[in-house]
Amino acid sequence: MIKVRVIPTLLFKDFGLVKGVAFDSWRRVGSAMQAIKVYNLREVDELVFLDISATAAGRCPDFETVDDLADECFMPMTVGGGVRTLEDVRRLLQVGADKVAINTAAAEDPDLIRQIAEKFGSQCVVVSIDVKHHGNGAYEVYTHCGTRATGLDPVAFAKQMEEAGAGEILLTSIDRDGTMTGYDVQLTRQVSEAISITVIASGGAGNYDHMADVLRHGKASDVAAASIFHFTQQTPLEAKHYLAQCGFRMRFS
Amino acid sequence: MKKVAIIDYGLCNLDSIERAVEYCGGNPVITDQAKEIRQATHIILPGVGAFHYAMENLQSRGLVGLLSEQVLEEQIPFLGICLGMQLLASTGYEGGETTGLGWIAGEVRKLTPTAAKERIPHVGWNEVNYLQECPLFKNIPSGKDFYFVHSYHLECVKENEVIASTAYCGGFTSVVGVDLIFGVQFHPEKSQRLGFQVLKNFLAL
């Protein structure tokens, strides 16, 4: 049986790791290399590493930094931020990314996802979808690190991305991000039930129960989290023990 | 020291395999050069990407004949990883029907979910259950988790070439082997301690 992954998300800005609330108010939380070394020792299931300033600064991914980090990373690593072209993908895979996460460029040019999937395979394409909940109950996809509305409905967009060849969806609730008040279970369930590729729930984890909730009721396959690991004493390993007690299949090496 | 040729055919993440081989005590060289491949004591064929495109790249670099010579005639231990395992098959169907290396009798087809919870690609940690003993898994108990990320799988024709299977999509072959030719569908270089043990076992051949 496949295991549920607990995936720490590392957000990279300028020279180090940061974490914010609702994609704003970024706080520094240490060095990326340090985090990767710690997670290696703890045999974390997988890592997501997102360079959140690349698209805003109009630059491509920082291949050198990814190269250095990937050299030390003995767990699967998804890398995102500023990925706009086939060449960006090729270089990221070449320097050691296992998968590439694409957010803004996927919304602007869905055909890019098809091209990447054709050339490198669906298994390395993670489409990262950032979603805001509007007062009227509607959800909307945002790009450019949560700053730009697209008018896209997350369910329709996720379906479109699946058809184009995405291998996984990293689904982040902008409203819940950094609040540690729980995942957006409703959003996650809507997307997860509409598609047949893996959905990784992201945004809002504050305790292990939140993870169980989004797995059980949100139908997510896996969970990603950041603040809970940066700002509390809770750890990915403890999360896995807790989830195993709840009846989920977890990996313990 | 074991000299390990990691075959470069232009489409994958070779850095992490190189690092893992180093970590496991081997001396890796990433190459598509005949001279270096002929000097290797071990050959690893990695792989990310589509079957068709991969075979095309192997052909255009003149690697199919060279690998056959080293592996089938010279009996150099060979490990195919992920797509590198699938390429061992006679035929693949990703990107159109394509002839593979043909060292393992079988076809590479897309996984078919048998339950709503089974999503394709198969991404994450899953168990490798042995059907027969294999030197690659020395000191590793059956049923341990390794890291998978793939949509296609190798359907073997000969039962004796199936080393291990994994319960997903009705069960698929996760390890194949014949003589000193091995293929693993998971990524040992990303499977941490147990993955490294597989690589160490391979280097000990």
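Here is a walk through this structure, from the outline of one chain to the place where two chains meet. Please keep in mind that the model is predicted.

Let us begin with chain A, which has 10 helices and 12 strands. Its C-alpha atoms fit in a box of roughly 45 × 45 × 40 Å along the principal axes. A compact globule of 253 residues would have a radius of gyration near 18 Å, and chain A, with 16 Å, agrees with that. Inside the chain, 57% of the 253 residues are buried. Many contacts also link distant parts of the sequence: among the contacts in chain A with a separation of 6 or more, 65% are between residues 24 or more positions apart.

What lies in the interior? In soluble globular proteins, nonpolar side chains tend to be buried together. Here, the largest nonpolar core has 149 residues, and those with the most contacts inside it are A:Leu47, A:Val100, A:Ile113, A:Ile169 and A:Val223. Take A:Val100 as a stop on the tour: leaving aside residues up to four places away in sequence, its contacts include A:Val79, A:Val83, A:Leu92, A:Cys124 and A:Val126.

Now turn to chain B and one of its sheets. Four strands form an open sheet in the order E6-E5-E7-E10, with mixed pairing. Strand E6 (98-99) and strand E10 (152-156) of chain B are at the edges; each has a single partner strand, so one side of each has no neighbour in the sheet. Strand E7 (residues 106-110) of chain B runs antiparallel to E10(B), and five bridges join the two. If you would like to find this pairing in the model, look for B:Lys110, which stands opposite B:Tyr152 in E10(B).

The next stop is helix H1 (15-23) of chain B. Its buried residues are B:Asp15, B:Ser16, B:Ile17, B:Glu18, B:Ala20 and B:Val21. Which elements cover them? The cover includes strands E1 (3-7), E2 (27-31) and E3 (42-45) and helix H6 of chain B, together with helices H2 (63-72) and H3 (86-95) of chain A. After H1(B) comes B:Gly25, with a positive phi near 95°.

That brings us to the meeting of the two chains, where 30 residues of chain B are in contact with 33 residues of chain A. On the chain B side, the elements giving two or more residues are H1, strand E8 (122-130), strand E9 (144-150) and helix H6 (192-203). E8(B) gives the most, with six residues. By class, this side of chain B has 14 nonpolar, nine polar and seven charged residues.

Conventions
Residues numbered from 1 in each chain as written. Chains lettered and ligands numbered in written order. Predicted model: local features only at pLDDT ≥ 70, side-chain atom pairs only at ≥ 80, totals over all residues. Contact = placed C-beta atoms within 7 Å. Nonpolar A, V, L, I, M, F, W, Y, C, P; charged D, E, K, R; others polar. Rg over C-alpha atoms; globule rule 2.2 N^0.38 Å. Buried ≥ 20, exposed ≤ 12 C-beta atoms within 10 Å, placed from the backbone. Pairing = 2+ DSSP bridges. Core = buried A, V, L, I, M, F, W, Y, C linked by C-beta atoms within 7 Å.
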